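Reader: Please choose one part of this structure and look at it closely with me, and then lead me on from there to its surroundings. I am in my first year, so please explain each term when you use it.

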Amino acid sequence: MLLEFTLKRNPALVDAAVELHRAGRIPPDTFVLDLDAVEGNARILADAAEHLGLHLYFVSKQFGRNPMAIAAVARYIPRATAIDIREAARLHQSGAGLGNVGHLVQVPNAAIEPLLRWSPAVVTVFSYAKAEAVSRAASSLGMVQPILLRVCGERDHFFAGQEGGIPLEDAVATARRIRDQLPGVRVEGVTSFPCLLFDAARETFCATPNLQTLREAKAALEQAGIPVAQVNAPSGSCVATLPELVRLGATHGEPGHALTGSTPLHAVDHEQPELPAMVYLSEVSHTLPDGRVAIYGGGFYRRGHPRTGLVFSHGNPPLRLGVEDLDPTQIDYYRFLQPGAGSNRISVGDPVVLAFRTQVFVTRSNVAVLRHSDLRPQLLGLFDPFGRPL
């Protein structure tokens with residue numbers, strides 16, 4: 001569990017969240033981000049990738065596109081993947097270079113020309129039509145924009161709502177058509193998502209069929225005389241999986257949750273090198289007649305799967321209570337903790353700390369950024385889930 005990982009490897013972060021809450025400096029429904037740990041994780045990821053000859057673009061949506069975290073990561077991993085055009089703008093404003101843009105959310109046509117002015121390394125396209133739009137915008141700026149083709153095979157895995165791409169059997173014909181008819185773009189390589197997924201039974205990341213599709217696409221394109229410089233294989237990128245990406249032919253990975261030590265692997269293997277760097281702070285709102293404890297919600301991403309919350313009552317050891325599942329059709333005004341021994345000591349207003357898989361940009365939560373200074377937490381800023389200061 002990520003809470004256990006945090007308590008073992010970064011207990012000072014939990015203590016800091018509680019102290020700052022009790023001081024009235026951070027409200028409930030706030031993700032508390034340890035900037036020192038994020039920066040350290042970026043450094044070890046960059047070192048591991050350099051040793052392997054792998055290139056990285058980092059992802060920021062899971063910590064709310066936070067400008068302080070973006071700047072810290074960019075010192076070691078200079079370019080970032082932008083999930084959508086709004087994230088691209090936040091990354092650019094925060095001083096990061098743009099790596100891959102469009103690999104989950106295609107760039108709207110009207111936004112392509114402004115985006116290209118920020119010099120992304122690559123733009124991912126799902127179709128010839130989108131490549132044509134990128135070419136038109138690039139030609140108007142007097143440039144040639146490298147693009148990635150998102151290719152898909154019949155057995156590939158895509159999350160619901162994220163489907164799309166160029167069928168593998170059409171990849172060569174599409175690339176030739178782009179080369180021959182679109183002077184404003186150049187096919188740089190191929191990509192897909194997700195290329196690694198966590199196998200809970202084996203407690204490890206495994207390659208999806210998508211990665212084999214990328215390998216087949218690369219081979220077919222190069223046999224057709226179209227060089228492939230980039231095989232971008234996002235999802236599950238962390239220090240432990242980078243060697244496997246290289247072994248399977250990837251040239252680029254995209255670490256996201258590794259930056260906060262919150263991949264599923266970190267939840268089960270507490271010796272992973274990345275440190276846990278983020279917790280969720282809530283507060284007891286009220287209790288129910290059956291003993292359940294209501295805490296403030298707002299940040300419970302549906303795939304986060306929190307299991308345990310720590311309730312901090314004055315004068316007592318922290319009380320560990322189970323977290324009830326939330327019906328995904330319901331708004332998370334509150335989340336409920338299951339009653340347990342000692343829950344009669346809980347008071348309204350007590351801070352509660354949880355740790356789980358996050359996607360801050362789809363919540364209404366705050367993000368508090370802190371550093372440790374002389375063993376005391378230093379609050380650097382409070383931000384909304386899109387990285388805007390409050």
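**Helix α6 and beyond**

Author: In helix α6, which runs over residues 109–116, the residues Ala111, Ile112, Leu115 and Leu116 are buried (under 20% relative accessible area, with exposed over 50% and partly exposed in between, for a 1.4 Å probe and protein chains only). They lie on the same side of α6, because they cover an arc of only 130 degrees around the axis, the arc being taken from the directions that lead from the helix axis to the C-beta atoms. Helices (H or I, at least four residues) and strands (E, at least two) are DSSP runs, numbered from the N terminus. Residues are numbered from 1 along each chain as its sequence is written, and the model is a predicted one, in which local features need pLDDT of at least 70 and side-chain atom pairs count only at pLDDT 80 or more. Totals for chains, interfaces and linings use all residues, while side-chain values use heavy atoms, with hydrogens and water left out.

The buried residues of α6 pack against α5, β4, β5 (122–125), α7 (128–140) and β6 (145–152), where contact means heavy atoms within 4.5 Å. Among these partners, α5 has its own buried residues, namely Glu87, Ala88, Ala89, Arg90 and Leu91, and these pack against α4 (67–74), β3 (79–82), β4 and, in return, α6.

Both ends of α5 are worth following. At its start, a side-chain oxygen of Asp84 reaches to within 3.2 Å of the backbone nitrogen of Arg86; this is a polar contact (N or O atoms within 3.5 Å, one able to donate a hydrogen and the other to accept it, residues adjacent in sequence counting only if both atoms are side-chain atoms). Beyond the other end, Ser94 sits in the loop between α5 (85–93) and β4 (97–101), and a polar atom of the Ser94 side chain lies 2.8 Å from the backbone oxygen of Arg90. Ser94 counts as buried, because its relative accessibility is 14%, and, once neighbours within four places in sequence are left aside, Ser94 touches Pro67, Ile70 and Ala71. Just after α5 as well, Gly95 takes a positive phi of about 95 degrees.

Positive phi values also occur in residues that are not glycine. Asp29, in the loop between α2 (11–22) and β1 (30–34), has a phi near 60 degrees, and at 10% relative accessibility Asp29 counts as buried. Glu203, in the loop between β9 and β10 (204–207), has a phi of about 55 degrees, but at 46% relative accessibility Glu203 counts as partly exposed. In the loop between β8 (185–191) and β9 (196–199) we find Pro194, which is joined to Phe193 by a cis peptide bond with omega about 0 degrees.

Further along the chain, strand β16 (residues 319–322) has a covered face, made of Leu319 and Leu321, and an uncovered one, made of Arg320 and Gly322. Strand β15 (residues 308–311) pairs with β16 in the antiparallel sense over 4 bridges, at least two DSSP bridges being needed for strands to pair, and in this arrangement Thr308 stands opposite Gly322.

Aromatic rings give another view of the fold. Rings of Phe, Tyr and Trp (its six-membered ring) pair if their centres lie within 6.5 Å, with planes under 30 degrees apart called stacked, over 60 edge-to-face and the rest tilted. By this rule there are 8 aromatic pairs. Tyr280 and Phe300 form an edge-to-face pair, because their planes stand at 75 degrees, with the ring centres 5.1 Å apart. This pair links distant parts of the chain, since Tyr280 is in strand β13 (residues 278–287) and Phe300 in the loop between β14 (293–296) and β15, 20 residues apart. Phe300 also pairs with Phe356, this time stacked, at 5.4 Å centre to centre and 25 degrees between the planes. Phe356 lies in the loop between β18 (351–354) and β19 (366–373), 56 residues from Phe300, and both Phe300 and Phe356 are buried, as is Tyr280. Together with Phe31, these three residues form one aromatic cluster.

Lastly, a search of the whole structure finds 0 disulfides, that is, pairs of cysteine sulfur atoms within 2.5 Å. The sulfur of Cys206 is 12 Å from the closest cysteine sulfur, in Cys238, which is too far for a bond. Cys206 is buried at 18% relative accessibility, and Cys238 is buried at 0%.
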